[in-house]
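Visitor: Could you guide me through the helices and the core of this protein, explaining each term as we go?

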Amino acid sequence: MTLHPTIARVTDKIRERSRAIRSAYLQRLDNTATRAVSVDRMGCGNVAHAVAGMPLDDRFKVVTQRAPNIGIVTAYNDMLSAHTPMQPYPDLIKWEARLHGATAQVAGGVPAMCDGVTQGTSGMELSLFSRDVIAMATAVALSHDMFDAALMLGVCDKIVPGLLIGALHFGHLPTVFVPAGPMPSGLPNKEKARVRELAAQGLVGRDGLMEAELKSYHSPGTCTFYGTANSNQMLLEAMGLHVPGTAFVQPGGDLRDELTREAARTVLGIVKAKRFAPIGKVVDERAIVNAMVALLATGGSTNHLIHWVAVARSAGILIDWNDFSALSDVVPLLTHVYPNGSADVNEFQAAGGTGFVIRELLDGGFMHEDVLTVRDGGLREYTREPALVNGQLAWHEMGASKDDSIVRPASQPFSATGGLKLLQGNLGRSVIKVSAVPDDRHVIEAAARVFDSQEALHAAFNAGELERDVVCVVRWQGPQANGMPELHKLTPPLAVLQGKGFRVALVTDGRMSGASGKVPAAIHVSPEAAAGGPLAKVRDGDVVLVDANTGILEVKVPAAEWAARQAAVMPEALRVSNGLGMGRELFAGMRERALTAEEGALSWI
C-alpha cells in the first residue's frame with residue numbers, strides 16, 4: 001500500500017527539522033557501538049565488582065566466554081497493580097538467558113508512582129517529573145556499562161516514557177520492553193463513572209463509592225480503561241519495541257510467562273545475529289510517526305502529546321503539536337474503548353486488539369512499514385496475535401474484527417479523523433481530546449469562572465455556584481507552577497453539570513488523565529500562566545470560546561483591551577505551598593527549568 005501523502009509529508013518535515021540533532025545523536029551512538037566488549041574494555045577491578053554477586057557459572061560466562069549479558073531495568077513495586085506481576089520476571093529472564101548461553105542481571109530499579117493513588121493529592125504534583133527521574137534512574141542502572149542488551153520492565157503512565165527516554169540515552173543497546181498486561185474486567189468503567197458522578201452530588205456515600213472503586217480496581221494488572229498506561233502499550237507495539245502482541249495479554253498465565261521469556265530470546269537474537277537494531281536506530285522519525293498515528297487512531301491519552309515529544313527529543317528527533325494536528329486530520333479513528341466507548345481493553349483485545357489496528361493502518365497507508373523493529377520480520381509481525389500451541393509460542397493472522405462496535409477497519413472507521421485536536425488563539429496553544437466528547441459539545445462559548453486551584457473549583461461546585469453554562473478556567477497548573485498535575489478529579493463535577501444540560505468546558509494549563517473524556521477540556525495551554533501566559537489575564541465573566549471544529553481557543557475581549565490588560569501574578573502563598581511537603585522541595589529545580597508542555601516539559605535541557 002502506498003503511504004498516505006500527509007503521513008509522508010509530516011515525516012519529511014520532521015526528518016528535515018531534526019537533521020542536525022539526529023545526526024549528532026547517531027554519531028554518538030555509532031561511536032559507542034564500536035567499542036570492545038565490556039570485559040575487554042573495562043579494568044579488572046571494574047569487572048570483578050560487576051560479577052561478584054553472580055553465580056559462578058554466570059561469572060564464567062561473562063569473564064571467560066564473553067557471553068552476552070542482558071541488563072534488566074525494572075519498575076516493579078507493590079503500589080502499582082500493573083507492576084506487581086513483574087516480581088518474578090527477572091528470574092524468568094535469567095533462566096531463559098542461561099538456556100541460550102547468556103546471562104542477565106538486574107541493573108537497577110526505577111521509582112514508579114501510581115497516579116490513581118495520588119489523583120487530587122499533593123503527591124500528584126511529582127507525577128510528571130517522575131518521568132524524568134525514571135529516565136535518570138534508567139541511565140544510572142545502565143551506566144554500569146556491562147551490558148550487551150537491555151530489557152525494560154514497565155507499563156504505566158510516566159514509567160514507560162521515562163524508561164524509553166533513559167534507554168534512548170543508551171541508544172547503542174538492543175532493547176525490548178516487557179509489559180505485564182491488564183487485570184481481568186471488573187465493574188464496567190461507565191458504571192464506575194456513574195457512581196463517581198452520584199458521589200459528587202452527594203447521592204452515594206463513601207461506602208458505596210468505595211465498593212464501586214474496589215470492584216473496578218480489583219486484581220494485579222493494568223487498569224482496564226484506555227488511559228495513559230494502555231496507550232503506552234499500543235505505542236510500543238506500533239514502534240516495534242515489544243514482542244509482537246504482548247500488550248494486552250493478561251498477567252499470571254502460561255502465555256504471559258512465555259512472552260516474557262520470548263523477550264529475552266528476542267533481544268539475545270539481535271545480539272547473537274549481530275543484527276544492527278539498537279534502540280536508537282529502531283526509534284527513528286518513521287517509528288515516532290507510527291506511534292503518533294497509533295495514538296490518534298485509537299483515541300489515546302493526551303499525556304502523550306507531552307511524553308512523545310520528550311521521547312522523540314531523546315532520539316534526536318523534533319516533533320510538535322502541529323505534527324499531531326496534521327496527522328489527526330487524516331488518520332481514521334478505528335477504536336471505541338473507554339473513555340471513547342463502553343468497551344474495556346480486554347474486550348478490545350478480544351475484538352482484534354493491537355494487531356488488527358496495526359494491520360489496518362499499514363494496509364491503509366497510514367503507517368511506515370519500512371522500519372526496523374526488534375523482530376526480524378519487521379512491523380508486519382505486529383499484525384498477528386500470539387498463542388500457545390502445544391506449549392510453544394505461535395502467531396496467527398487476525399482476520400476480521402470480532403466486534404465492529406469496538407474496532408473497525410480503516411475503510412469503515414468510527415470517524416475519518418483522529419481523536420485529538422490542536423486549539424490556538426489569544427489564549428495560547430492547547431490540545432483537546434474529542435473522541436469521547438459528544439458531537440454537540442465540540443463548540444462551547446460561555447462566561448468564564450477563574451480558579452487558582454482544583455480545590456477551589458470543587459468548593460464552587462459544592463456551593464452550587466456553577467449551575468449554568470460556564471467555562472471553568474483553572475490556572476497555575478503548568479510544569480513551572482506546580483509540576484503540572486493531572487486534574488482527573490474535576491471530571492465528575494463537570495460531568496454532573498454537563499449531565500444537567502449546561503454547556504460546560506474546562507480550560508487549563510494542567511493535564512487531564514487519559515481516562516478523562518466526555519467533558520470538553522482544552523488542556524496543556526501553553527505558555528502556562530506562571531510563565532506569563534495569557535490564562536493569567538482571564539477574569540470572571542470573560543466570554544471564552546472553545547471550538548474543536550475550527551481549532552479556536554480565545555477569549556472574546558477587544559484586542560486593544562486584551563493587550564492592555566494586566567496579567568495576574570501567581571499568589572506567593574500558593575507558589576510556596578506548591579513547593580512544600582510530600583517531597584516537592586526536591587523537585588524545585590525541575591519546576592524552575594521545565595520547558596513548555598508542547599516542548600515535552602523537559603527538565604534536563
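Guide: Axes are lines fitted to C-alpha atoms, for helices over the stretch in contact, and angles run from 0 to 180 degrees between N-to-C directions. Helices are DSSP runs of H or I with at least four residues, numbered from the N terminus. This is a predicted model, in which local features need pLDDT of at least 70 and side-chain atom pairs count only at pLDDT 80 or more, while totals for chains, interfaces and linings use all residues. Residues are numbered from 1 along each chain as its sequence is written, and side-chain values use heavy atoms, leaving out hydrogens and water.

Visitor: At roughly what angle do the axes of H1 and H15 cross, and which word describes that angle?

Guide: The axes of helix H1 (residues 5–17) and H15 come within 10 Å and cross at roughly 130 degrees. Angles under 35 degrees count as roughly parallel, over 145 as roughly antiparallel, 65 to 115 as roughly perpendicular and the rest as oblique. H1 and H15 are therefore oblique.

Visitor: Which residues of H15 does H1 meet?

Guide: Contact means heavy atoms within 4.5 Å. On the H1 side are Ile 7, Thr 11, Ile 14 and Arg 15, and these meet, in H15, Glu 285, Arg 286, Val 289 and Val 293.

Visitor: Which helix gives the most to the largest nonpolar core?

Guide: A nonpolar core is a set of buried (under 20% relative accessible area, 1.4 Å probe, protein chains only) Ala, Val, Leu, Ile, Met, Phe, Trp, Tyr and Cys residues joined through side-chain atoms within 4.5 Å. The largest has 149 residues, and Leu 151 and Ile 288 are among those with the most contacts inside it. Nine residues of this core come from the helix that gives the most, H15 (residues 285–297).

Visitor: How many residues does the second, separate core have?

Guide: This second core includes Val 434, Trp 476, Val 546 and Leu 553, and its size is 29 residues.

Notes. Buried means under 20% relative accessible area, exposed over 50%, partly exposed in between (1.4 Å probe, protein chains only). Helices (H or I, at least four residues) and strands (E, at least two) are DSSP runs, numbered from the N terminus.
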